[in-house]
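Trainee: I've got a model open and I'd like to learn how to read it. Can we go through it feature by feature?

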Amino acid sequence: MRVIIALVVGLLAGSLGGIKVYQSLSAGKEVPHAVMWMMGYHMGELGDAIKGDQCSPAMVSAHIDTLARVAADIEPVFLPIGDDLDALFVDHADALQASIESMRSATGTGCEALAAARKTASEACKGCHRDFR
Ligand code: HEC
């Protein structure tokens, strides 16, 4: 009996500890991490461009393009999660993609609009991490 209670308590604690994301098996263990680190790199480069007031298309377009391509990998690489959580996950991924498109539209208009769109993108990153990481 004691073992069973310990087991149930353990399972409960485990499930309360956070939502475990079950990654797509075909993507392997490294790919979900790689997707995230690549996005982190390109977000960082865009942040540096903004800080340095270097927001010409030549400086930022390649980063935005790659960010968009890698962000498009989030859903196939992470889903399905199951437990009715996929829809919420997709909402966060879509919010990120929309903000990356805003960055694309802001390209060529200087740093200000790009910085605002990048901030929205960064909030999309945080929103998903809050719920799923
Ligand atoms: C739709 C959900 C979602 C969005 C949007 C998202 N992430 Fe993540 N991110 C995750 C999850 C889930 C993990 C935890 C992955 C794991 O531990 O297996 C994670 C982990 C990470 C990590 C740590 C990687 C590692 O090796 O554990 C970094 C860095 C990261 N994200 C950066 C970003 C950046 C930058 C953005 C926005 C450009 C972003 N993420 C947007 C879901 C998301």
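Trainee: How do the residues of the shell around the ligand divide into nonpolar, polar and charged?

Mentor: Ground rules to begin with. This is a predicted model, where local features need pLDDT of at least 70, side-chain atom pairs count only at pLDDT 80 or more, and totals for chains, interfaces and linings use all residues. Residues are numbered from 1 along each chain as its sequence is written, and side-chain values use heavy atoms, with hydrogens and water left out. As for classes, Ala, Val, Leu, Ile, Met, Phe, Trp, Tyr, Cys and Pro count as nonpolar, Asp, Glu, Lys and Arg as charged, and the others, Gly among them, as polar. Here the shell has 13 nonpolar, 5 polar and 1 charged.

Trainee: Which residues come nearest to the ligand?

Mentor: A residue is near a molecule if one of its heavy atoms lies within 4 Å of it. Of the 19 around this ligand, H33, M36, C125, C128 and H129 come nearest. Helices are DSSP runs (H or I, at least four residues), numbered from the N terminus; α2 (30-51), α5 (86-106) and α6 (111-132) each supply at least two shell residues, and α2 gives the most, with 6.

Trainee: What coordinates the iron atom of the ligand?

Mentor: Look for donors: N, O and S atoms within 2.8 Å of the metal (3.2 Å for Na, K and Ca), with water not among the atoms, so sites may look incomplete. In this model M36 (SD) and H129 (NE2) coordinate the iron, at 2.0 to 2.2 Å. M36 is in helix α2 and H129 in helix α6, so the pair ties together parts 93 residues apart in sequence.

Trainee: What geometry does the site of the iron atom have?

Mentor: Six donors count as octahedral if opposite donors are over 155 degrees apart and all others between 65 and 115. This site is octahedral, with angles of 86 to 179° among its 6 donor atoms.

Trainee: Where is P80 found, and what is the peptide bond from L79 to P80 like?

Mentor: P80 sits in the loop between α4 (74-78) and α5. The L79 to P80 bond is cis, with omega near 5°. D83 lies in the loop between α4 and α5 too, and has a positive phi of about 55° although it is not a glycine.

Trainee: Where does pLDDT stay under 50?

Mentor: pLDDT is the predictor's confidence in each residue, from 0 to 100. The protein averages 88, and 80% of the residues score at least 70. Residues 7-18 stay under 50, with 0 contacts (heavy atoms within 4.5 Å) beyond four places in sequence. Where pLDDT is low, the predicted coordinates should not be read in detail.

Methods: Four donors count as tetrahedral if all angles lie between 85 and 135 degrees; four count as square planar and six as octahedral if opposite donors are over 155 degrees apart and all others between 65 and 115; anything else is irregular.
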